[in-house]
Amino acid sequence: IHEISNLSEISILQSAGNTDLASVKLNTDKIPAQKDILSATGSIVDSGDTTLIAGIPGKSIVISAFCLQNESNIPNTMILKDGDTPFWRVRCVSNGDGIVKDYPSDVRLILSLGNSLRLNISELAQVGYSVSYYLVSV
């Protein structure tokens, strides 16, 4: 798909001798360009804001999936932020509580231009995270 993503159409001809048996045109306008998926994963033992993915000037972070998990027995609230703006909140009471979000390919979470993905943890606790993302120029 990546090699043909810049074409407007593809013609496929099937022939027997000098006679065309079929001609098929495939419109490739809906084929998305291939994205290089990056990942960030780790554990945080802290409270307050922590940068998970640093923002890059002139680029937006596009999140395709994320997972947050409480890795301690300390109840806490985790808030994902687009820079300083909260966009996702989850309360985890027990060790192992968490959330997994996998966005479909036609719906992605796009952070503001140049912003970092940050995680706020309400209590001094250990939290594990995994994020799949790619970068776009806007």
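Student: In which strand does Asp 102 lie, and why is Asp 102 called exposed?

Tutor: In this predicted model, Asp 102 lies in strand β7, which covers residues 98-102. Its relative accessibility is 59%; exposed means over 50%, so Asp 102 counts as exposed.

Student: What makes Ser 64 and Ala 65 contacts of Asp 102?

Tutor: A contact requires heavy atoms within 4.5 Å, and Asp 102 meets that condition with Ser 64 and Ala 65, leaving aside neighbours within four places in sequence. The C-alpha atoms of Asp 102 and Ser 64 are separated by 6.2 Å, although the two residues are 38 residues apart along the chain. The contact cut-off applies to heavy atoms in general, so the C-alpha separation of 6.2 Å does not conflict with the contact.

Student: How do you know that Asp 49 and Lys 81 form a salt bridge?

Tutor: Their side chains meet at 3.1 Å, N to O. The limit is 4 Å between a side-chain nitrogen of Lys or Arg and a carboxyl oxygen of Asp or Glu, so the pair qualifies. The bridge links distant parts of the chain: Asp 49 is in strand β3 (residues 38-53) and Lys 81 in strand β5 (residues 76-82), 32 residues apart.

Student: Why is Lys 81 called buried, whereas Asp 49 is called partly exposed?

Tutor: Lys 81 has a relative accessible area of 13%, and buried means under 20%; Lys 81 is therefore buried. Asp 49 has a relative accessible area of 30%, which falls between 20% and 50%, so Asp 49 is partly exposed.

Student: What makes Asp 49, Lys 81, Asp 84 and Arg 118 a network?

Tutor: The structure holds 3 salt bridges, and these four residues are linked through salt bridges. Besides the pair of Asp 49 and Lys 81, Arg 118 meets Asp 49 at 3.0 Å, N to O. Arg 118 lies in strand β9 (residues 117-137) and Asp 49 in strand β3, so this pair ties together parts that are 69 residues apart in sequence. Asp 84 forms a salt bridge with Arg 118, with the closest N and O atoms 2.4 Å apart. Here Asp 84 is in the loop between β5 and β6, and Arg 118 is 34 residues apart from it. Asp 84 has 60% relative accessibility and therefore counts as exposed.

Student: How do you know that Cys 67 and Cys 92 are in no disulfide?

Tutor: The sulfur of Cys 92 is the nearest cysteine sulfur to that of Cys 67, and it is 9.6 Å away. A disulfide needs the two sulfur atoms within 2.5 Å, so neither Cys 67 nor Cys 92 is in one. The structure holds 0 disulfides.

Student: Are Cys 67 and Cys 92 buried or partly exposed?

Tutor: Cys 67, at 24% relative accessibility, counts as partly exposed. Cys 92, at 1%, counts as buried.

Student: Why is Asn 70 called buried, and which polar contacts does its side chain make?

Tutor: Asn 70, in strand β4, has 0% relative accessibility; this value is under 20%, so Asn 70 counts as buried. A polar contact of 3.1 Å joins its side chain to that of Ser 72, and its side chain also reaches the backbone oxygen of Ser 94 at 3.5 Å. A polar contact requires N or O atoms within 3.5 Å. Leaving aside neighbours within four places in sequence, Asn 70 is in contact with residues including Pro 75, Met 78, Cys 92 and Gln 126.

Student: What makes up the largest nonpolar core?

Tutor: This core has 23 residues, of which Leu 52, Ile 63, Leu 68, Leu 119 and Val 131 touch the most other members. The elements giving two or more residues are β3, β4, β5, β6 and β9, and the largest share, 7 residues, comes from β9. In soluble globular proteins, nonpolar side chains tend to be buried together. Beyond four places in sequence, Leu 68 touches residues including Met 78, Leu 80, Val 90, Ile 99 and Leu 119.

Student: Which elements does the chain have, and how many residues are buried as a percentage?

Tutor: The chain has 0 helices and 9 strands. Buried residues make up 33% of its 138 residues.

Terms used:
Residues are numbered from 1 along each chain as its sequence is written. This is a predicted model: local features need pLDDT of at least 70, side-chain atom pairs count only at pLDDT 80 or more; totals for chains, interfaces and linings use all residues. Side-chain values use heavy atoms; hydrogens and water are left out. Helices (H or I, at least four residues) and strands (E, at least two) are DSSP runs, numbered from the N terminus. Buried means under 20% relative accessible area, exposed over 50%, partly exposed in between (1.4 Å probe, protein chains only). A nonpolar core is a set of buried Ala, Val, Leu, Ile, Met, Phe, Trp, Tyr and Cys residues joined through side-chain atoms within 4.5 Å. A polar contact is a pair of N or O atoms within 3.5 Å; within protein, one must be able to donate a hydrogen and the other to accept it, and residues adjacent in sequence count only if both atoms are side-chain atoms.
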